Amino acid sequence: MNLKNSMVHRFKGNPILTKGNVPYAVETVHNAAAVKILGEYLLVFRSHLRNGRSILGLARSKDGCNFVVAPEPFMVPAREGVFAEYEEFGIEDPRICQIDNDFLISYSAYSRHGVRIGLCKTSDFRSVERIALITQADYRNAVLFPAKFQGRYVRLDRPHTEIAPWSIWISYSPDLIHWGDSRVIMKPAPYHWDQMKIGPGATPFRTSKGWLHVYHGVFQTMDGAVYRLGVALHDLEDPAKILGVADEWILQPEEPCEVTGYVHNVVFTCGAIPEDDGTVKIYWGGADTVVCMGTAVIDDLVGLCLSAPRPPM
Ligand code: BMA
């Protein structure tokens with residue numbers, strides 16, 4: 001087996017979810033957050049409606065590969081209060097993070113005011129309680145670490161302005177509502193597969209060597225942008241410290257359902273589940289249309305970050 005060319009082993013039954021699996025009208029099923037609770041796998045995925053705006057759906061599985069979608073959407077844009085104003089154009093790209101008995105879900109809230117990050121929580125995946133809008137516009141892709149550091153919550157996100165394009169920043173919070181101490185910790189590398197933009201991907205997970213973070217990187221070509229996945233390793237005690245960013249991507253669009261679809265040439269992750277056997281299940285949206293899954297050996301991904309790194313900045 002040539003590990004260098006096959007860091008992620010695609011599940012043979014990909015795509016694992018298509019719009020045909022959804023019992024209500026949607027045009028896509030992609031970019032799924034993932035969590036494993038008492039042996040059951042849950043995905044919270046993004047779907048485009050036929051008006052071009054997005055909602056979130058829920059799917060459950062016993063094995064992490066064969067999912068059944070819940071009969072009703074899991075979360076739709078708020079209809080009242082401050083969230084309604086900022087979710088008017090839809091909610092997208094959720095990430096789930098378990099801390100204590102709560103499942104925190106961060107998501108992109110779109111409106112005429114731009115895109116910002118919303119944070120909500122659930123304990124049972126039936127009802128959802130919105131906590132706060134935790135950024136201003138133009139932020140996307142917030143992932144929380146599933147631990148507190150010196151009593152504070154920690155998140156990665158990706159602000160964007162013309163003079164500070166698409167990099168990964170870290171912020172801290174005592175209460176999930178107020179965030180600060182922000183700093184940039186990882187930037188796109190020039191003339192590299194992630195040179196146009198990078199953003200947080202799956203919720204980071206703990207390994208013996210550090211927090212492993214599967215992120216996305218984008219390269220602009222004459223044929224449009226290509227979205228790929230890469231890995232970075234963060235210090236266990238101080239997640240602002242990056243121990244290594246793998247120079248090579250770990251996954252790029254290759255299968256027909258990743259190359260062609262609503263947006264072609266996209267693999268985009270919002271969730272990964274580490275297993276006790278040393279592997280990780282990575283879930284990704286293919287071409288913004290379907291959900292795919294693959295597995296990787298965690299030590300191989302950690303090794304790639306440490307043995308062949310590129311500078312984080
Ligand atoms: C990003 C987001 C993602 C999407 C990706 C590729 O900017 O909109 O939801 O998967 O582009 O189209």
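Here are legends for a handful of close-up views of this predicted model.

**View 1. The ligand and the residues around it.**
Start with the ligand, which has Asn31, Arg46, Asp93, Arg140, Tyr227, Val263, Val266, Phe268 and Asp288 around it. Sorted by class, this shell is made up of four nonpolar, one polar and four charged residues.

**View 2. Polar atoms that meet the ligand.**
Now look at the oxygen atoms of the ligand. A polar atom in the side chain of Arg46 sits 2.6 Å from a ligand oxygen. For Asp93, a side-chain N or O atom is also found 2.6 Å from an oxygen atom of the ligand. Tyr227 joins in too, with a polar side-chain atom 3.1 Å from a ligand oxygen. How much of the ligand's own accessible area does the protein cover? On its own the ligand has 300 Å² of accessible area, and the protein covers 83% of that.

**View 3. His48 and its link to Arg46.**
Arg46, one of the residues around the ligand, has a polar contact on the protein side as well: its side chain pairs with the side chain of His48 at 3.2 Å. You'll find His48 in strand β3, which covers residues 40-48. Is His48 buried or exposed? It counts as buried, because its relative accessible area is 4% and the cut-off for buried is under 20%.

**View 4. Asn31, a ligand neighbour with a positive phi.**
Asn31 is another of the residues surrounding the ligand, and it lies in strand β2. Its phi is near 40 degrees, which is a positive value in a residue other than glycine. Asn31 is buried too, with a relative accessibility of 2%.

**View 5. Asp100, an exposed residue with a positive phi.**
Asp100 also has a positive phi without being a glycine, with a value near 55 degrees. This residue belongs to the loop that runs between β6 and β7 (102-111). Asp100 counts as exposed because its relative accessibility is 63%, and exposed means over 50%.

**View 6. The largest pocket.**
This view shows the largest pocket, with a volume of about 330 Å³. Its lining takes in 15 residues, and the ones closest to the centre are Val35, Lys36, Gln98, Ala272 and Pro274. Which elements give two or more residues to the lining? They are β2 (30-37), β6 (90-99) and β19 (267-274). By class, the lining holds ten nonpolar, two polar and three charged residues.

**View 7. Trp193, tucked into a loop.**
Trp193 sits in the loop that connects β13 (180-186) to β14 (197-199). Although it's in a loop, Trp193 is buried, at 6% relative accessible area. Leu229 is 36 residues away along the chain, and the C-alpha atoms of the two are 9.6 Å apart.

**View 8. Met186 in strand β13.**
Met186 is part of strand β13. This residue is buried, with just 1% relative accessible area. Between the C-alpha atoms of Met186 and Ile242 there are 8.2 Å, while along the chain the pair is 56 residues apart.

**View 9. Two cis peptide bonds.**
Where do the cis peptide bonds in this view sit? One joins Asn14 and Pro15, with omega at about -5 degrees, and Pro15 is in the loop between β1 (9-10) and β2. Another joins Ala137 and Asp138, where omega is about 5 degrees. Asp138 is in the loop between β9 (129-133) and β10 (139-144).

Conventions. Residues are numbered from 1 along each chain as its sequence is written. This is a predicted model: local features need pLDDT of at least 70, side-chain atom pairs count only at pLDDT 80 or more; totals for chains, interfaces and linings use all residues. Side-chain values use heavy atoms; hydrogens and water are left out. On a 1 Å grid over the protein atoms alone, a cavity is a set of points where a 1.4 Å probe fits but cannot get out, and a pocket is an open set with protein on both sides within 12 Å along at least five of seven lines; lining residues have an atom within 4 Å of a point. Grid points are joined across faces, edges and corners, and a volume is the space filled by probe spheres set on the points. Helices (H or I, at least four residues) and strands (E, at least two) are DSSP runs, numbered from the N terminus. Ala, Val, Leu, Ile, Met, Phe, Trp, Tyr, Cys and Pro count as nonpolar, Asp, Glu, Lys and Arg as charged, and the others, Gly among them, as polar. A residue is near a molecule or strand if one of its heavy atoms lies within 4 Å of it. A polar contact is a pair of N or O atoms within 3.5 Å; within protein, one must be able to donate a hydrogen and the other to accept it, and residues adjacent in sequence count only if both atoms are side-chain atoms. Accessible areas come from the Shrake-Rupley method with a 1.4 Å probe; for residues, only the protein chains shown count as cover. Buried means under 20% relative accessible area, exposed over 50%, partly exposed in between (1.4 Å probe, protein chains only).
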